[in-house]
Amino acid sequence: MKGWISYRREVTIVDNFEVIVAGGGPAGIAAAVASARNGARTLLIERYGFLGGNATASLVGPFMTSYSLDGRHQLIRGIFEELVLRMEGIGGAIHPSKVPAGSPYSGFIVFGHDKVTPFDPEAVKFVAEEMCLEAGVELLYHSFIVDVMMEGDAVVGVVVANKAGLEAFQAHVVVDCTADADVAARAGVPFEVGRAQDGLTQPMTLFFRIAGVDDERVAEYIVSHPEDRRPFASVVREARERGEFLIPREGIGMYKTLEKGVWRINTTRIQGVFGTDPRDLTRAEIEGRRQILFLLQFFREKLPGLENCRLLDTATQVGVRETRRILGEYTLTADDITQGREFDDVIALAGYPFDIHSPTGSGGGATGELTSANVYEIPYRCLVPVNRNGLLVAGRCVSATHEALGAIRVMPTAFALGQAAGTAAALAVHLELPPRRVPIETLQRTLLEQGVYLGERIAQKLQLASEG
């Protein structure tokens, strides 16, 4: 029987930081590194014992394109580019400039998949951690954000749960990179969930990796079946017609890794679940593993080149595409992305197209049904909550519509948003201003100086301003 209890206790304030970054996924890595490099004493809090988020715990990969949609211009650079180059240096990644659309590394997909970045999730753990430590970031693993500390309308710290019990940490600025806007929600920031008509979110996927694949036979089959929009789509369609394939997918999502015969599989699909409900997450994990067992048998019996495949591993956590989206000072829309709308406060460029997986059917993915510009801009105001100070948000929980999120939710964009948020947080500390009042020109200039690309328009604007 449900009810309420009153629970109260004193919590030790362990330390006071200038910037706290909540969540160590792509956005959190970039935010923490950027904050520390810009001179702020920075704490990064992560619930696992390693960094990377979806890139490691969820085995999601490759990194989707960091280039313009036509594959001609690299848009997302800065900390993301540094991470990729350092991983490539230890054999843990292939730079996206070397990965054309339609290749096995791109899942044989052409649209929206030019210049993806294959990587080893273990390389992300090592390199991201070293980048944080070299920058001076203080790391706290195995800690989960459970509450926030408020003074008026300002977030001034967080409460975490870990093996020590409950601990509190104060901060001048908190950057919410939890992907689910956990900090923002607990601070009372308004948010939306799912699509407008029914509130349903994109489905979840439990990634897994298989070994023992005959790479050449798979490639030969794909080349000989150009009518398949996704790998093995005709095999899946025929099996579904016989009632032998019940997963709502139109083909097999599979991406070659850096190792011979090893592939990431992005084919499970769990619908009707919400990523902020622990019971739904539990159900999704169980259902995902059941689907994996079915898929392994299906692969061995039906797919050329996969007859001898074996399970290598399953993701530590189910991959969640969409949960909360905060209400920020500006909400990015599908029309903004379609028109390639320009913003005076642009802090990131992207070119990944709309990629909305159906909450109820088998369709989805980067299909071109909604048209995106070759290059589009994301404004700083999307990172700034409407009603709270001392707080910035980065990653897939920024202020955007359901449709716009379908384009900007991927990991390279999260890195770009995180770098902007971490830089702004450090500037807010040093300028003694609320994050919403950080001068945009100062933020943009700092980002450019640290390897971020904001397009020729902003570069020329800042150049003229410095000359004037």
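A residue counts as buried when its relative accessible area is under 20%. Alanine 181, at 1%, is therefore buried. The structure here is a predicted model, so please read every value below as computed from that prediction.

**Backbone features**

Alanine 181 is a handy place to start. It sits in the loop between strand E6 (165–176) and helix H4 (182–186), and its phi is positive, near 55°, in a residue other than glycine. Phenylalanine 232 also has a positive phi without being a glycine, at about 60°. This phenylalanine belongs to the loop between H5 and H6, and its relative accessible area of 0% makes it buried. A glycine with positive phi turns up as well: glycine 243, which follows H6, has a phi near 75°.

Another backbone feature to look for is the cis peptide bond between glycine 61 and proline 62, with omega at about 5°. Proline 62 is in the loop between E2 and H2.

**Buried residues side by side**

Here are some buried residues with their places and relative accessibilities.

| Residue | Place | Relative accessible area |
|---|---|---|
| Histidine 402 | helix H9 (residues 402–408) | 4% |
| Serine 58 | loop between strand E2 (42–45) and H2 | 0% |
| Tyrosine 221 | helix H5 | 13% |
| Alanine 181 | loop between strand E6 (165–176) and helix H4 (182–186) | 1% |
| Phenylalanine 232 | loop between H5 and H6 | 0% |

**Two buried polar side chains**

Which side chain does histidine 402 meet in a polar contact? The partner is the side chain of glutamate 322, at 2.7 Å. With a relative accessible area of 4%, histidine 402 falls under the 20% cut-off and so counts as buried. Beyond its neighbours within four places in sequence, histidine 402 is in contact with Gly194, Arg195, Leu200, Gln202, Glu322, Arg325 and Ile356.

Serine 58 is buried too, at 0% relative accessibility. Its side chain is joined to that of glutamine 317 by a polar contact of 3.2 Å. Setting aside residues up to four places away in sequence, serine 58 touches Gly53, Phe207, Ala315, Gln317, Val318 and Gly319. Like proline 62, serine 58 is found in the loop between E2 and H2.

**Around helices H5 and H6**

Helix H6 (residues 233–241) has Ala233, Ser234, Val235, Val236 and Ala239 as its buried residues. These pack against helix H5 (215–224) and helix H7 (278–302).

Tyrosine 221 lies in H5, and its contacts help to show how this region fits together. Leaving aside neighbours within four places in sequence, tyrosine 221 is in contact with Asp228, Phe232, Ser234, Val235 and Pro304. Of these partners, Phe232 is the positive-phi residue described above, while Ser234 and Val235 are among the buried residues of H6. Tyrosine 221 also brings together parts of the chain that are far apart in sequence: its C-alpha atom is 8.5 Å from that of glycine 305, with the two positions 84 residues apart along the chain.

**Nonpolar cores**

The largest nonpolar core holds 149 residues, and those touching the most other members are Phe63, Ile210, Phe299 and Ile408. Helix H10 gives the most to this core, with 13 residues. Apart from it lies another core, of five residues, including Ala154, Val156, Val159 and Ala168.

What does isoleucine 210 touch, not counting residues up to four places away in sequence? The list runs to Gly261, Val262, Trp263, Ile265, Leu296, Phe299, Leu306, Cys309, Arg310, Leu311 and Leu312. Phe299 appears there, and Phe299 is itself one of the residues with the most contacts to other core members.

**An enclosed space**

Rolling a probe the size of a water molecule over the atoms shows where empty space is left. How many cavities of 30 Å³ or more does a search of the whole structure find? The search finds one, and the volume of this largest cavity is about 80 Å³. Its lining has 13 residues, of which Ile76, Arg77, Ala416, Gln419 and Val452 are the closest to the centre.

By class, the lining comprises ten nonpolar, two polar and one charged residues. Helix H2 (78–89), strand E13 (346–350) and helix H10 (411–431) each supply at least two residues of the lining. H10 thus appears in both settings, as a contributor to the cavity lining and as the element that gives the most to the largest nonpolar core.

Definitions and conventions: Residues are numbered from 1 along each chain as its sequence is written. This is a predicted model: local features need pLDDT of at least 70, side-chain atom pairs count only at pLDDT 80 or more; totals for chains, interfaces and linings use all residues. Side-chain values use heavy atoms; hydrogens and water are left out. On a 1 Å grid over the protein atoms alone, a cavity is a set of points where a 1.4 Å probe fits but cannot get out, and a pocket is an open set with protein on both sides within 12 Å along at least five of seven lines; lining residues have an atom within 4 Å of a point. Grid points are joined across faces, edges and corners, and a volume is the space filled by probe spheres set on the points. Ala, Val, Leu, Ile, Met, Phe, Trp, Tyr, Cys and Pro count as nonpolar, Asp, Glu, Lys and Arg as charged, and the others, Gly among them, as polar. Buried means under 20% relative accessible area, exposed over 50%, partly exposed in between (1.4 Å probe, protein chains only). Contact means heavy atoms within 4.5 Å. A polar contact is a pair of N or O atoms within 3.5 Å; within protein, one must be able to donate a hydrogen and the other to accept it, and residues adjacent in sequence count only if both atoms are side-chain atoms. A nonpolar core is a set of buried Ala, Val, Leu, Ile, Met, Phe, Trp, Tyr and Cys residues joined through side-chain atoms within 4.5 Å.
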